[in-house]
Amino acid sequence: MTLTEIRAVLAARGLRPLKQLGQNFLHDRNLAAWLAEQALAGAEPGAGVVEIGPGLGALTSQLLERGARVIALEKDRGLCIFLRERFAAELADGRLDLRHGDALELLPQLRAPVICGNLPYYISTPLLMESLRLDARRLFFVVQKEVGQRLASAPGGKIYGGLSVLVQAACTVELVRTLPGSVFFPPPEVASVAVLLQRREQPLVAAEDRARFAAFVQRGFSQRRKKLSNLLPVQDGRRAEHLSPEEWVELWRGTLAGSCSGGL
Ligand code: SAM
């Protein structure tokens with residue numbers, strides 16, 4: 001949709017972009033097409049895709065045009081009403097399944113090889129973490145630049161944190177492209193980036209251990225100035241940000257071995 005069309009649709013329905021729902025609508029059709037292509041790259045024809053926050057359907061329409069079967073999760077009731085009209089044919093023939101509600105609550109019931117979305121920034125990190133649990137092969141999101149950088153960051157820096165470790169333990173991370181604010185209405189206050197997460201062939205942590213590993217890592221990062229030996233049952237004088245994801249897993253496994261002899 002063009003900027004003029006977006007303004008017209010919103011005005012006709014008495015809607016306005018809601019800041020509290022992180023609504024910044026994409027009005028660059030070429031970019032929407034590119035995002036859909038990236039999300040679907042390598043996917044089977046007719047692949048199942050979960051889209052978080054379809055908004056007015058900028059990305060949804062491009063995913064559908066490329067033959068995907070889309071499950072779209074949208075919290076805003078007014079937008080859902082619009083989407084049901086815009087995509088009546090696709091809803092009727094089952095190519096689109098639109099669910100009204102909070103994606104954080106809806107995601108755990110879903111399975112799909114691809115998850116994508118131009119994420120609402122106020123909740124992008126919890127949505128990322130919830131998406132990771134779904135075992136999708138490919139996750140392609142637009143997020144704030146700062147979040148993207150945290151996801152991709154290497155050990156040793158200030159922005160390397162628990163999120164970096166947990167995401168990199170499950171996926172490879174690639175910052176694919178920066179998006180200028182001018183492609184959204186209204187333009188967000190912060191720059192955006194398209195980030196691609198691809199599930200590792202061999203994740204560093206098994207699915208059933210993820211929650212315990214996450215709790216361990218988060219505790220390690222809870223006081224970044226302290227040595228790990230002061231925060232966790234380990235004999236390691238380093239600080240949390242100096243360990244790679246592989247080293248975090250090794251450290252955690254060590255505590256499990258210790259637990260057999262009364263350690264953790
Ligand atoms: N995909 C559209 C686009 O690119 O133009 C809209 C993106 S906008 C940044 C984020 C969308 O997520 C909005 O439509 C907003 O209503 C929706 N949203 C916000 N919080 C949500 C939540 N917890 N669950 C599902 N959708 C949510």
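This dialogue looks at the ligand site and the pockets of a predicted model.

Student: Where does the ligand sit in this structure?

Tutor: A ligand may lie in an enclosed space, which a probe fits but cannot leave, or in an open one. Here the ligand sits in the largest cavity, and the protein covers 99% of the 590 Å² of accessible area that the ligand has on its own.

Student: Which residues come nearest to the ligand, and which elements give two or more residues to the shell around the ligand?

Tutor: The shell counts residues with a heavy atom within 4 Å. There are 23 residues around the ligand, and Leu26, Gly53, Glu74, Ala103 and Tyr122 come nearest; strand E1 (25–26) and strand E3 (69–74) are the elements that give two or more residues to this shell. By class, the shell has eleven nonpolar, seven polar and five charged residues.

Student: How should I read polar contacts with the ligand?

Tutor: Look for pairs of N or O atoms within 3.5 Å. An oxygen atom of the ligand lies 2.8 Å from a backbone N or O atom of leucine 26, and an oxygen atom of the ligand is 2.9 Å from an N or O atom in the side chain of asparagine 118. For proline 54, a backbone N or O atom lies 3.4 Å from a nitrogen atom of the ligand.

Student: What lines the second largest pocket?

Tutor: A pocket is an open space, described by its volume and its lining residues. This pocket holds about 230 Å³ of space, and of its 14 lining residues the closest to its centre are Met129, Leu132, Leu166, Arg210 and Ala214. Helix H10 (210–220) gives the most to the lining, with five residues.

Notes
Residues are numbered from 1 along each chain as its sequence is written. This is a predicted model: local features need pLDDT of at least 70, side-chain atom pairs count only at pLDDT 80 or more; totals for chains, interfaces and linings use all residues. Side-chain values use heavy atoms; hydrogens and water are left out. A polar contact is a pair of N or O atoms within 3.5 Å; within protein, one must be able to donate a hydrogen and the other to accept it, and residues adjacent in sequence count only if both atoms are side-chain atoms. Accessible areas come from the Shrake-Rupley method with a 1.4 Å probe; for residues, only the protein chains shown count as cover. On a 1 Å grid over the protein atoms alone, a cavity is a set of points where a 1.4 Å probe fits but cannot get out, and a pocket is an open set with protein on both sides within 12 Å along at least five of seven lines; lining residues have an atom within 4 Å of a point. A molecule sits in a cavity or pocket if more than half of its atoms lie within 2 Å of its grid points. Helices (H or I, at least four residues) and strands (E, at least two) are DSSP runs, numbered from the N terminus. Ala, Val, Leu, Ile, Met, Phe, Trp, Tyr, Cys and Pro count as nonpolar, Asp, Glu, Lys and Arg as charged, and the others, Gly among them, as polar.
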